[in-house]
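Colleague: Could you take me slowly through a single part of this model, in words that a first-year student can follow? Please say how each conclusion is reached.

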Amino acid sequence: MKLQLKIWRQRTSTDKGAFVSYTVNDVDPEMSMLECLDVLNETLIERGEEPVAFEHDCREGICGSCGFMINGVAHGPERATTVCQLTMRHFKDGQELVIEPWRARAFFPIKDLIVDRRAFDHIIEAGGYISVSTGQAPDGNAILVGKDIADQAMDAAACIGCGACVAACPNASAALFTGAKIAHLSVLPQGKPERDRRALAMVAQMNAEEFGNCTSIGECTGVCPKEIPLEVIATMNRDYLRASWTRREDQSETILPFTEWSTGSKLQSDPTSRD
Amino acid sequence: MSTTASAAALGPHRNRVVTFWQSTNGKKVVMAITGAMMFLFVVGHLLGNLQVFEGPEKINAYAHFLHSIGELLWIVRLALILAIILHITATVQLALRNKRARPIGYSRKEAINSSYASRTMYWSGPIVLAFIIFHLLQFTAGYIHPESRFIEGDVYHNLVSGFQVWWVSAWYIFAITLLGFHLRHGLWSMFQSVGIAHTRHTPMLKSAALLIAVAIVLGYISIPISILLGIVK
């Protein structure tokens with residue numbers, strides 16, 4: 001089959017960028033979207049042109065590296081599917097696909113379809129962990145967790161951090177991501193002791209990064225390749241609300257957000273320079 | 001220390017109310033609570049107004065009763081004004097933040113999982129506000145009362161003569177419908193904002209929000225429609 005790919009090309013993070021149309025003639029319906037871009041890139045390299053840059057790793061929908069907008073929908077038209085798992089048979093012969101990167105201030109562009117998602121790393125760093133004593137492995141059934149609670153935690157833990165939620169949100173909010181990372185720990189007994197601290201720290205970091213806010217419209221959960229439910233955002237709000245009024249310490253530390261793509265040498269380190 | 005770990009302390013003794021308000025989540029909690037207060041008013045106002053169907057004596061007596069409680073009425077009014085101010089302030093601040101959060105828009109963007117009502121909150125809200133101002137000027141202050149004279153205290157007369165003007169009724173029906181849209185999303189979303197959600201209960205809550213929104217719209221617009229049709233005169 002033949003496809004018309006209208007792809008966002010941007011040489012560097014500061015480059016203006018524009019759409020370029022490519023015709024890919026020999027698309028196999030069994031190919032994935034990324035394999036289709038591989039085929040295109042082969043021909044671009046042969047012609048001596050710059051190949052389209054996109055992120056990928058496992059290509060089996062579990063790593064969270066890949067992702068871009070296809071015809072205005074994050075990860076394309078198939079629900080619960082990453083672009084690496086999206087097969088070309090879902091498109092019609094001769095169809096035009098508009099492919100553009102996630103767009104958000106917090107996800108600034110690096111090149112073509114690649115954006116910087118270190119803002120997510122900052123949110124995880126702020127509190128996406130539990131503190132355990134190291135040493136011998138604990139007894140398997142020392143802490144009993146009901147099946148329903150385990151399932152609820154697992155539903156949230158399925159988040160692969162691809163960024164589609166931010167991309168699909170009209171407000172570019174990271175509420176679904178942060179909610180998932182908070183909820184998958186806070187519903188479990190192991191996550192309870194640090195529940196308040198975690199909610200405060202992760203929410204503070206989410207708000208320090210330049211994401212928008214949640215308006216509960218649900219576009220995020222619609223495009224989520226792991227179908228994380230909107231309920232995790234409520235869990236975040238509940239944890240945050242309680243922690244805000246019950247915490248004893250008033251200190252809340254955040255990591256300075258990145259504002260440009262660099263190797264780290266140009267980072268601001270002066271805390272007073274914020275805002 | 002890694003290159004990413006440069007921490008910015010927000011100060012040791014920041015007021016928690018200030019911190020809460022400054023977070024997007026805190027503002028949404030404020031919006032939920034103030035929204036709930038305004039919703040209670042919307043219900044109460046509807047129940048009061050429906051007395052128009054019971055005749056002039058009944059509704060005029062009700063209006064007189066409201067004015068007779070004096071201080072209490074003003075406490076409720078001030079609470080509502082405060083709720084409106086907080087609701088709008090939070091909305092404007094969050095909207096500006098959201099606008100900033102996506103400097104470059106998409107060339108193409110599809111909505112696949114959201115309701116029309118939820119996507120148009122930024123439109124329904126301001127239009128309803130404009131309507132409320134007009135509505136207060138017409139029926140509370142009596143400054144705008146086209147084609148008839150506003151009589152202080154004669155609610156029944158003001159109401160009937162006011163809604164006999166077709167465009168007043170049309171504007172009313174339009175604004176109330178938008179209020180319905182606003183409530184259809186807001187009524188369940190407020191629970192989400194304060195952290196109440198459940199896989200089984202939330203779908204029920206959404207259905208309830210739709211039902212309540214429809215009931216409120218029908219309840220309110222029954223008044224101008226009855227007046228225009230001459231059922232109430």
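Modeller: In this predicted model, helix α8 of chain B covers residues 166–193, and because each residue should add 1.5 Å, its 28 residues are expected to span 40 Å; the C-alpha atoms at its two ends lie 39 Å apart, which agrees with that expectation. The helix is nevertheless bent, for at Gly186(B) the direction of α8(B) changes by about 30 degrees. As for its surroundings, α8(B) is mostly covered, with 20 of its 28 residues buried, where a residue counts as buried if 20 or more other C-beta atoms lie within 10 Å of its own. In an α-helix there are 3.6 residues a turn, so residues three or four places apart point the same way. After α8(B) comes Gly195(B), which has a positive phi, near 90 degrees.

For a contrast with the helix, turn to the strands of chain A. Here five strands make up an open sheet with mixed pairing, and their order is β2-β1-β5-β3-β4. Strands β2 (18–24) and β4 (73–74) of chain A are at the edges, and each has a single partner strand, so one side of each has no neighbour in the sheet. Within this sheet, β3 (residues 69–70) and β5 (residues 96–100) of chain A run antiparallel and are joined by two bridges, and Met69(A) stands opposite Glu100(A) in β5(A).

Technical notes:
Residues numbered from 1 in each chain as written. Chains lettered and ligands numbered in written order. Predicted model: local features only at pLDDT ≥ 70, side-chain atom pairs only at ≥ 80, totals over all residues. Helix = DSSP H or I, 4+ residues; strand = E, 2+ residues; numbered from the N terminus. Expected span 1.5 Å × (residues − 1). Bend = angle between axes of the 7 residues up to and from the residue. Buried ≥ 20, exposed ≤ 12 C-beta atoms within 10 Å, placed from the backbone. Pairing = 2+ DSSP bridges.
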